[in-house]
Amino acid sequence: EVGTRLDSLTSLFQGLDELSEHRRRARRMEQDSVDFAVHVSEWLKTYAPDLLDRAPDVAAEELVRRFQAAELQRAEYAQIDGDLAEIARESAALEARSLQARAELDSLCAAAHTKDLSSLPTIEERVDAARELQGRLDAVEASLVQDEAAPLEQLLAAARDVDRSALQVRLGELEEELERLDDEIQNLNAEVRDLDAGLTRYAESDAAEHAQGLSVQAAEIREQALRYARLKLSSVVLGREIERYREQNQGPVLKRANALFPRLTLGRYRGIRVGVEERQIQLVRDSGQEVPVEGLSEGTRYQLYLALRIASLERYLERNPPLPLVLDDILIHFDDERAGAALAVLGELAEHMQILFFTHHARDLTLAAEAVPEARLFRHALSGALLK
């Protein structure tokens with residue numbers, strides 16, 4: 001019984017020791033809970049004041065969730081910062097390329113003597129056309145020099161010295177000379193045939209060689225004579241046709257251009273004068289002073305060209321069916337007043353033919369609305385450009 005009681009006491013003391021240990025653990029846990037609540041409260045005051053009214057454990061879980069979300073956002077922001085840096089580098093490279101392209105465009109504009117970038121494609125097309133025409137001109141010049149065996153300057157000087165009044169007489173002389181050359185060629189052919197027939201009687205190699213050389217020379221003489229006659233005859237006929245066309249069309253065209261040019265220059269020039277034997281146009285100012293084409297400003301030259309062009313078109317329409325007329329920014333060298341006058345003249349021409357006027361200047365639309373009757377004016381926008 002004593003042993004049993006001692007065992008019970010031992011168990012009791014052990015239970016008391018365990019109880020004391022549990023109480024100490026409970027106190028530590030309570031202290032930890034208090035410390036946790038204090039720490040959570042401090043964190044909430046600093047990072048999440050809106051969670052102060054919640055229980056510490058609930059607030060701590062929410063704070064942890066927010067921290068994890070913030071970590072994810074920070075990683076995303078770091079990725080975004082890297083992307084932005086890459087974009088910045090690409091943007092800097094593009095900016096450098098843009099500056100280089102701008103410098104090249106500025107140099108092209110300076111070389112083309114223009115400040116309008118949109119006119120560069122047109123200028124490039126004109127340069128290509130000019131190169132093609134120059135190539136054709138060089139080919140024609142080389143052909144002329146080769147055919148005539150004389151420098152081009154000498155041929156031009158000879159053409160300028162030709163008296164038109166004597167062309168008809170000279171044509172008759174050339175025709176007689178052609179007949180004479182034909183007779184000589186026939187006689188030479190007969191002689192060649194006789195020589196060929198005589199040479200066949202001989203078997204010597206020298207005779208055969210001489211006969212072959214004589215045949216070659218006779219064929220060359222015949223070819224060169226015919227070629228010379230064709231070229232001379234073509235030159236005379238071409239000169240006569242040019243003069244006939246000038247006589248038939250110069251008067252009406254110049255008369256109409258003489259009426260249009262003062263309108264296009266707003267009366268600054270009185271008209272156009274060309275003498276009977278003169279080949280150069282003289283422009284008459286309102287004061288009566290005559291000015292050659294070289295003395296005109298660039299804008300006035302465009303107005304003179306437009307007057308002559310419209311007069312030629314009206315002359316063409318008198319004898320032929322109408323065709324569409326396409327104009328591309330022809331008023332870029334005109335001020336507002338002269339551009340309005342030109343549009344008024346084109347509006348009158350629109351009674352007889354269709355005019356397609358391409359422009360990228362809004363000013364031309366405004367001036368056209370003022371100068372052209374509404375019934376003849378149609379506007380159409382195409383890819384940012386204005387088409388009237």
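Q: Which side chains of strand β4 are buried, and which are not?
A: In this predicted model, the side chains along β4, residues 325-328, alternate between two faces. L325 and L327 point to one face and are buried, while V326 and D328 point to the other and are not.

Q: How many bridges join β4 to strand β5, and do the two run parallel or antiparallel?
A: Strand β5 covers residues 355-359 and runs parallel to β4, with four bridges joining them. As one case to look up in the structure, D328 has F358 of β5 as its bridge partner. Between the two strands the chain passes through helix α8, residues 336-349, and the β-α-β crossover made in this way is right-handed.

Q: What span does helix α2 reach, and what span is expected?
A: The general idea is to compare the distance between the end C-alpha atoms with a rise of 1.5 Å a residue. Helix α2, residues 56-112, has 57 residues and reaches 79 Å from its first C-alpha to its last, which is close to the expected 84 Å.

Q: Which residues in α2 are buried, and what follows the helix?
A: An α-helix has 3.6 residues a turn, so residues three or four places apart point the same way. In α2, the buried residues are A59, A60, E62, L63 and C109. After the helix comes H113, whose phi is positive, near 60°.

Q: Why is the pair formed by the rings of F261 and Y269 called tilted?
A: A search of the whole structure finds one aromatic pair. The ring centres of F261 and Y269 lie 5.5 Å apart and their planes meet at 50°, so the pair is tilted. Both F261 and Y269 are buried.

Conventions:
Residues numbered from 1 in each chain as written. Predicted model: local features only at pLDDT ≥ 70, side-chain atom pairs only at ≥ 80, totals over all residues. Heavy atoms only, no water. Expected span 1.5 Å × (residues − 1). Buried < 20%, exposed > 50% of the residue type's maximum accessible area, 1.4 Å probe, protein only. Phe/Tyr/Trp six-rings, centres within 6.5 Å; stacked < 30°, edge-to-face > 60°. Pairing = 2+ DSSP bridges. Right-handed = clockwise from strand over helix to strand, strands pointing away.
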